[in-house]
Amino acid sequence: MQANEPGTQVYLAWQEKDDPTRFLHFFIFEDSAAQTRHGQSEAVKRFEAIYSPELVGGDVVFTDYELVSGKR
């Protein structure tokens with residue numbers, strides 16, 4: 001990720017314990033350009049190519065959040 005997606009500072013992924021088809025991905029991007037690079041990366045294209053044909057019940061929903069409180 002560091003070599004292919006500069007500006008992606010943190011990436012974490014969780015898989016739901018009782019339903020392996022459900023995931024939560026957590027990113028921290030340096031800026032909007034880093035988020036755009038991630039979205040256009042080959043890794044994202046490969047990931048989407050794997051899950052897209054298997055979708056049941058609608059499209060994947062992506063939700064953006066803003067940090068409102070925290071400590072670094």
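## Around His-38

Leaving aside the neighbours within four places of it in sequence, His-38 is in contact with Glu-5, Thr-8, Phe-27, Phe-29 and Val-44. This residue is found in helix α1, and His-38 is buried, with a relative accessible area of 15%, a value that falls in the buried class because that class covers relative accessible areas under 20%. The model described here is a predicted one, and the values given in this report should be read with that in mind.

Two pairs of residues show how parts of the chain that are separated in sequence are placed in space. His-38 and Asn-4 are 34 residues apart along the chain, and their C-alpha atoms are separated by 8.5 Å. Ala-43, whose place is in helix α2, is 38 residues from Glu-5 in sequence, while the distance between the two in space is 9.5 Å, C-alpha to C-alpha. Glu-5 is also one of the residues in contact with His-38. Unlike His-38, which is buried, Ala-43 is partly exposed, with a relative accessible area of 38%.

## The chain as a whole

The protein chain contains 2 helices and 2 strands, and these follow the pattern β-β-α-α when the chain is read along the sequence. The strands are β1, at residues 8-15, and β2, at residues 23-29, and the helices are α1, at residues 32-39, and α2, at residues 42-51. Along its principal axes, the C-alpha trace of the chain spans about 35 × 30 × 20 Å.

Of the 72 residues in the protein chain, buried residues make up 12%, and His-38 is one that is buried. The chain exposes about 6,600 Å², of which carbon and sulfur atoms supply 53%. Among the contacts in the chain with a separation of 6 or more, 23% are accounted for by residues that lie 24 or more positions apart.

## The largest pocket

The largest pocket holds about 1,800 Å³ of space and is lined by 41 residues, of which Leu-24, His-25, Phe-26, Phe-27 and Phe-62 lie nearest its centre. Phe-27 also appears among the contacts of His-38.

Each of β1, β2, α1 and α2 supplies at least two residues of the lining of this pocket, and β2 gives the most, with 7 residues. When the lining is divided by class, there are 21 nonpolar, 9 polar and 11 charged residues.

## Salt bridges

The count of salt bridges comes to 2. In one of them, Glu-16 is paired with Arg-22, and the closest N and O atoms of this pair are 3.3 Å apart. Glu-16 is partly exposed, with a relative accessible area of 38%.

In the other, the side chains of Lys-45 and Glu-42 meet, with a distance of 3.6 Å from N to O. Lys-45 and Glu-42 are separated by about one helical turn, because they are 3 residues apart in helix α2. Lys-45 is partly exposed, with a relative accessible area of 45%, and the helix α2 that holds this pair is also the place of Ala-43.

How values were computed. Residues numbered from 1 in each chain as written. Predicted model: local features only at pLDDT ≥ 70, side-chain atom pairs only at ≥ 80, totals over all residues. Heavy atoms only, no water. 1 Å grid on protein atoms, 1.4 Å probe; cavity = no way out; pocket = protein on both sides within 12 Å on 5 of 7 lines; lining within 4 Å. Points joined across faces, edges and corners; volume = space filled by probe spheres on them. Helix = DSSP H or I, 4+ residues; strand = E, 2+ residues; numbered from the N terminus. Nonpolar A, V, L, I, M, F, W, Y, C, P; charged D, E, K, R; others polar. Salt bridge = Lys/Arg side-chain N within 4 Å of Asp/Glu carboxyl O. Buried < 20%, exposed > 50% of the residue type's maximum accessible area, 1.4 Å probe, protein only. Contact = heavy atoms within 4.5 Å. Areas by Shrake-Rupley, 256 points an atom, 1.4 Å probe, with all protein chains shown as cover.
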